Amino acid sequence: MMTTMRHSIPGSSGYLDIYPERKVSLFRNPYIVSLTAVASIGGLLFGYDTGVISGALLYIKDDFHAVKRSNFLQETIVSMALVGAIFGAAVGGWINDAYGRKKATMFADVIFAVGAIVMAAAPDPYILILGRLLVGLGVGIASVTAPVYIAELSPSEIRGALVSTNVLMITTGQFLSYLINLAFTQVPGTWRWMLGVSGVPAVVQFFLMLFLLPESPRWLFVKNRKEEAIAVLAKIYDFDRLEDEVALLTTQSEQDRQRRDDIRYRDVFKSKEIRLAFLAGAGLQAFQQFTGINTVMYYSPTIVQMAGFHSNELALLLSLIVAGMNAAGTILGIYLIDHAGRRKLALFSLGGVIASLIILALSFINQSSGNGLYGWLAVCGLALYIAFFSPGMGPVPWTVNSEVYPEEYRGICGGMSATVNWVSNLIVAQSFLSVAAAIGTGPTFLIIAVIAVLAFMFVLVYVPETKGLTFDEVELLWKERAWGNNPHAQTLLQR
């Protein structure tokens, strides 16, 4: 029987210093890699949807003249997927807790595939908008589910890298979308193919999840399905580490079951430590969007055309290079997030983002001079922006949100913070073209640069380092922050 924990906490620095042979390497266990790869297809759908609409919109405007004449209709086609994602993320936490991570993923796949079919067959802009809403609903649920599923299957020493793999799949999906956009530029139906093929990976993930992937062992423990959970953990850890992990999860799941039944959304704000965790997690999600990433990803071909490159094909090609840099930068982030740490990586990333946004702003402000070099300076600014954003502010918010909440709050808080991300995303996507038309593209990028400065200050003050910590240690960290100066702190920390 594995009922007691014979050593220190599994995954803590002390535990792995004493037993370094029990560390799990990122690529030595093909089972972990395969689980992460399949779960991350949700990220691929997320990224593909983000990127594909930027190219498809160029051709949708050619087919539907009402769209071509209206910035508002263009923004609505782009942003209606975000409206769906907001609702998907809002209910995603509840679906995850009630039915499990596996069923939540499969449900998201079905909705996404149906949405892709509706978009491809849309006879008018309004049916297209309906398809975008359905696709967004699936993406929203997946955006909550995939990071939590991967985090709960991951050994703490490589959790950051594995969760960041989901972000890599997001950027890979964006890159793939530009490739597919280019492939279909000369094919009859152009945008219908671009949008319709997005249903294929959703169908693939559905069947892989159905037949090959297990449920999260942490969720199984909470649901008192201990034997199933141990069978999954046995494929991840050797026997000695498995013994301690099972003992730890047994203790945690008993506590979680006692607390979970009474958890409601309003309870998040009753506990000081959970409020602090949610502030850090949701704040990072909001700043990820308000620092402009999806302004770049949704509208990069349009931005390139604003910079003076009017050919659709050239705009897509230059945007493809930007998307490729995004994917490459995320690979660097996978390495750095468990070595440099979440906080340092975010601060470095935001410093570069601020500089690149200023370059973008200046290039557009000076474009009226007629000097063609400013067009290329704008493209370089886009590339520099991606080079700094992708390794840091790309993966860090999703990684932090997958690990900063206690088990009984993870579904609810994960869903709420993802909803913050999608609402922020919607605000940016729905307003960028209109704001740029009203005050100019250069001043718009200056505003985003100011927001990036605020984001830097936020990370400096409110976001702690969680690199290498177990879920229990992260929970203790928030209690220390909340009650460290309280005379009753030691009593609280021992709970």
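Tutor: A helix is a DSSP run of H or I with at least four residues, and helices are numbered from the N terminus. The model under discussion is predicted.

Student: In which helix does Asn425 lie, and is this residue buried or exposed?

Tutor: The helix that holds Asn425 spans residues 407-439 and is helix 20. Burial requires a relative accessible area under 20%. Asn425 has 0% relative accessibility, and therefore counts as buried.

Student: How far apart in space are Asn425 and Ile86, C-alpha to C-alpha?

Tutor: In sequence, 339 residues separate Asn425 from Ile86. Across the chain, residues 24 or more positions apart account for 82% of the contacts with a separation of 6 or more. The C-alpha to C-alpha distance between Asn425 and Ile86 is 9.4 Å.

Student: How many helices and how many strands are there in the chain, and what percentage of its residues count as buried?

Tutor: The chain has 23 helices and zero strands. Of its 495 residues, the share that counts as buried is 61%.

Student: How are helix 3 and helix 7 oriented to each other, roughly parallel or roughly antiparallel?

Tutor: The axes of helix 3 (residues 41-63) and helix 7 come within 8 Å and cross at roughly 155 degrees. An angle over 145 degrees counts as roughly antiparallel. Helix 3 is therefore, with respect to helix 7, roughly antiparallel.

Student: What is the handedness of the crossing of helix 3 and helix 7, and how many charged residues does their contact hold?

Tutor: Helix 3 passes helix 7 in a left-handed crossing. Helix 3 contributes Gly42, Leu45, Phe46, Asp49, Ile53 and Ile60 to the contact, and helix 7 contributes Leu128, Arg132, Val135, Val139, Ala142 and Ser143. These residues divide into eight nonpolar and two polar, and the number of charged ones is two.

Student: At what angle do helix 2 and helix 7 cross, and how many residues of their contact are nonpolar?

Tutor: The axes of helix 2 (residues 30-39) and helix 7 (residues 125-153) come within 10 Å and cross at roughly 170 degrees, which means that helix 2 runs roughly antiparallel to helix 7. Leu35, Thr36 and Ala39 of helix 2 meet Ala146, Tyr149, Ile150 and Leu153 of helix 7. With one polar residue and no charged one in this contact, the nonpolar count is six.

Student: Which helix gives the largest share of the largest nonpolar core?

Tutor: The largest nonpolar core has 55 residues, of which Leu357, Tyr385, Phe445 and Val459 touch the most other members. The largest share, 10 residues, comes from residues 342-365, that is, from helix 17.

Student: Which residues does Phe445 touch, leaving aside those up to four places away in sequence?

Tutor: With sequence neighbours up to four places away left out, Phe445 touches Thr295 and Ile303. The rest of the list for Phe445 is Leu357, Leu360, Ala361, Phe364 and Phe432.

Student: Is Asn224 buried or exposed?

Tutor: Asn224 lies in the loop between helix 11 (217-222) and helix 12 (226-233). Although Asn224 is not a glycine, its phi is positive, at about 65 degrees. Its relative accessible area is 58% and the threshold is over 50%, so Asn224 is exposed.

Note on methods:
Residues are numbered from 1 along each chain as its sequence is written. This is a predicted model: local features need pLDDT of at least 70, side-chain atom pairs count only at pLDDT 80 or more; totals for chains, interfaces and linings use all residues. Side-chain values use heavy atoms; hydrogens and water are left out. Axes are lines fitted to C-alpha atoms, for helices over the stretch in contact, and angles run from 0 to 180 degrees between N-to-C directions. Helices (H or I, at least four residues) and strands (E, at least two) are DSSP runs, numbered from the N terminus. Angles under 35 degrees count as roughly parallel, over 145 as roughly antiparallel, 65 to 115 as roughly perpendicular and the rest as oblique. Contact means heavy atoms within 4.5 Å. Ala, Val, Leu, Ile, Met, Phe, Trp, Tyr, Cys and Pro count as nonpolar, Asp, Glu, Lys and Arg as charged, and the others, Gly among them, as polar. A nonpolar core is a set of buried Ala, Val, Leu, Ile, Met, Phe, Trp, Tyr and Cys residues joined through side-chain atoms within 4.5 Å. Buried means under 20% relative accessible area, exposed over 50%, partly exposed in between (1.4 Å probe, protein chains only). A crossing is left-handed if the near helix is turned anticlockwise from the far one by less than a right angle, and right-handed if clockwise.
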